[in-house]
Amino acid sequence: MNTSSGDMDNQMGSKASAEHSMAPFRFLNKTDIRNVTVLRSGNQTIVEDEIFLNTMAAQALSGIFVWSALLITCHQIYVHLRSYTVPNEQRYIIRILFIVPIYAFDSWLSLLFISNDQYYVYFDSIRDCYEAFVIYNFLSLSFEYLGGESGIMSEIRGKPIQSSCLYGTCCLAGCSYSIGFLRFCKQATLQFCVVKPIMAVITILLQAFGKYHDGDFNVTGGYLYITIVYNFSVSLALYALFLFFFATSDLLRPYEPVLKFLTIKSVIFLSFWQGMVLAILERCEVIPEALFIDGQEVGAGTVAAGWQNFITCIEMFFAAIALRYAFTCTVYQEKKAETPDNNAPMQSISSGLKETINPNDMVQDAIHNFSPAYQQYTQQSTQEVVQPSQNGTVGFVVGGGGKKNDKIMLIASDDEF
């Protein structure tokens with residue numbers, strides 16, 4: 001009987017302690033908690049405290065890095081548009097460079113609105129959709145460097161694929177490069193351009209119904225499934241990109257692809273894992289969970305997403321510097337000096353920017369690569385015109401008269417990758 005009384009006293013004491021720890025949260029109303037930040041610490045106690053992310057210092061520090069990155073990259077884009085001498089290459093370069101303004105400014109806005117009802121989910125969806133576009137444009141730029149599908153196939157077709165566990169080609173032993181290999185590379189990147197926007201829309205819908213929270217791996221929530229699909233899709237896209245560089249590394253060596261590849265991969269792939277690690281840390285209570293920020297109720301994952309956005313703001317400054325060296329404009333400026341443009345500068349810049357933001361080439365490329373009639377033709381670079389010789393083989397004539405995205409009966413590609 002005494003033992004039961006002791007247990008009852010302990011239970012009542014624990015309940016009273018829990019009620020005391022919840023008191024600041026339970027009895028505060030919207031007026032009381034104005035400009036107050038309420039956190040749940042690792043031992044599940046509710047405390048009133050301030051987090052660095054919503055301070056003026058954090059916003060100012062991240063803003064300095066963001067605007068510095070914007071100035072560096074916008075100037076580089078402007079220089080490319082002023083020397084827009086090779087449109088079928090610079091179109092992709094400018095699109096890739098836009099990842100810095102979009103990532104940096106989007107992350108900064110998310111950080112500024114950290115207390116506003118998970119607005120960061122909507123901002124981050126825009127940012128995430130563009131990263132799929134960047135992977136596609138990076139692969140397309142590599143195709144252009146090498147003269148299009150026909151130029152690449154003339155160099156690698158029929159060569160055996162080297163088996164290497166380090167480079168992820170051990171499962172391709174005994175295979176050889178074919179037009180199907182190039183088709184796989186394009187399809188794997190294009191699928192990410194489709195999957196990512198769909199996942200972004202689903203994320204927004206789930207968040208609106210309270211079914212999406214960063215770091216919540218509960219099977220009843222949407223974060224687990226979104227993460228699995230997204231991770232598989234982006235991994236497939238980057239794997240295809242890696243296979244392409246493994247196959248064409250010697251051909252691409254004059255274009256210094258290593259820095260370009262590592263910069264793009266680090267911005268996209270590492271930022272994804274960085275966000276996931278931060279979400280797991282909040283879930284494991286290493287990072288405190290915020291209940292209210294500046295008097296506004298916020299959901300789970302807000303603090304982790306805030307740290308992700310803050311770190312991204314800092315990283316984009318260094319990404320802008322790396323991209324400035326990776327996609328230099330020197331060679332295009334030299335061509336500009338050799339063949340001066342008679343158009344007015346602003347007119348040429350406007351027309352170049354208009355061509356850059358036009359996604360029609362990506363749509364046509366998707367139709368081309370996913371068409372059932374793909375084996376009947378390949379896509380030719382705009383710098384080449386392909387004509388059949390008298391004996392039926394393929395002849396190459398270098399020139400600038402070809403139209404963009406011309407589909408030419410070139411290679412019967414019954415051999416699939």
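## Close-ups: rings and pockets

**View A. F261 is a buried residue, at 10% relative accessible area.** This and the other close-ups come from a predicted model. F261 belongs to one aromatic cluster, along with F138, F143, F242, F244, F245 and F327. Which charged residue sits over the ring of F143? The answer is K186, whose charged end is 4.4 Å from the centre of that ring.

**View B. F65 and F317 make an edge-to-face pair.** The aromatic pairs come to 18 by the ring-centre rule. For F65 and F317, the ring centres are 5.6 Å apart and the planes meet at 80 degrees; planes over 60 degrees apart count as edge-to-face, so this pair gets that label. F65 is in helix 2 (residues 56-82) and F317 in helix 10 (residues 302-326), so the contact ties together parts of the chain 252 residues apart in sequence. Is F65 buried or partly exposed? With a relative accessible area of 21%, F65 is partly exposed, because buried means under 20%.

**View C. F245 and F261 form a tilted aromatic pair.** Here the rings are 5.2 Å from centre to centre, with 50 degrees between their planes. F245 comes from helix 8 (residues 223-252) and F261 from helix 9 (residues 257-283), so the pair links parts that are 16 residues apart in sequence. F245 counts as buried at 10% relative accessibility, and F261 is buried too, with a relative accessible area of 10%. Both names also turn up in the aromatic cluster of View A.

**View D. K196 has its charged end over the ring of Y230.** The distance from that charged end to the ring centre is 3.7 Å. Look back at View A for another lysine over a ring, K186 over F143, where the distance to the ring centre is 4.4 Å.

**View E. F269 sits in helix 9 and has sequence-distant neighbours.** What does F269 touch once residues up to four places away in sequence are set aside? It touches V234, S235 and L238. Take S235: this residue is 34 residues from F269 along the chain, yet their C-alpha atoms are separated by 8.3 Å.

**View F. The largest pocket holds about 320 Å³.** The lining has 17 residues, and the ones closest to the pocket centre are Y145, Y255, K260, V331 and Y332. Which elements each supply at least two lining residues? They are helix 3 (87-97), helix 9, helix 10 and helix 11 (330-338). Helix 11 gives the most, with 4 residues. If you like to think in chemical classes, the lining splits into 10 nonpolar, 3 polar and 4 charged residues.

**View G. The second largest pocket has a volume of about 260 Å³.** Going around the lining, you meet E155, I156, K159, P160, Q162, Y177, F246, A247, S249, D250 and L251. Helix 6 (148-156) and helix 8 are the elements that give two or more residues to this lining. How many residues come from helix 8? It supplies 5, the largest share of the lining. By class, the tally is 6 nonpolar, 2 polar and 3 charged residues. Helix 8 is also home to F245 from View C.

Key: Residues numbered from 1 in each chain as written. Predicted model: local features only at pLDDT ≥ 70, side-chain atom pairs only at ≥ 80, totals over all residues. Heavy atoms only, no water. Phe/Tyr/Trp six-rings, centres within 6.5 Å; stacked < 30°, edge-to-face > 60°. Buried < 20%, exposed > 50% of the residue type's maximum accessible area, 1.4 Å probe, protein only. Lys NZ or Arg CZ within 6 Å of the ring centre and 35° of its normal. Contact = heavy atoms within 4.5 Å. 1 Å grid on protein atoms, 1.4 Å probe; cavity = no way out; pocket = protein on both sides within 12 Å on 5 of 7 lines; lining within 4 Å. Points joined across faces, edges and corners; volume = space filled by probe spheres on them. Nonpolar A, V, L, I, M, F, W, Y, C, P; charged D, E, K, R; others polar.
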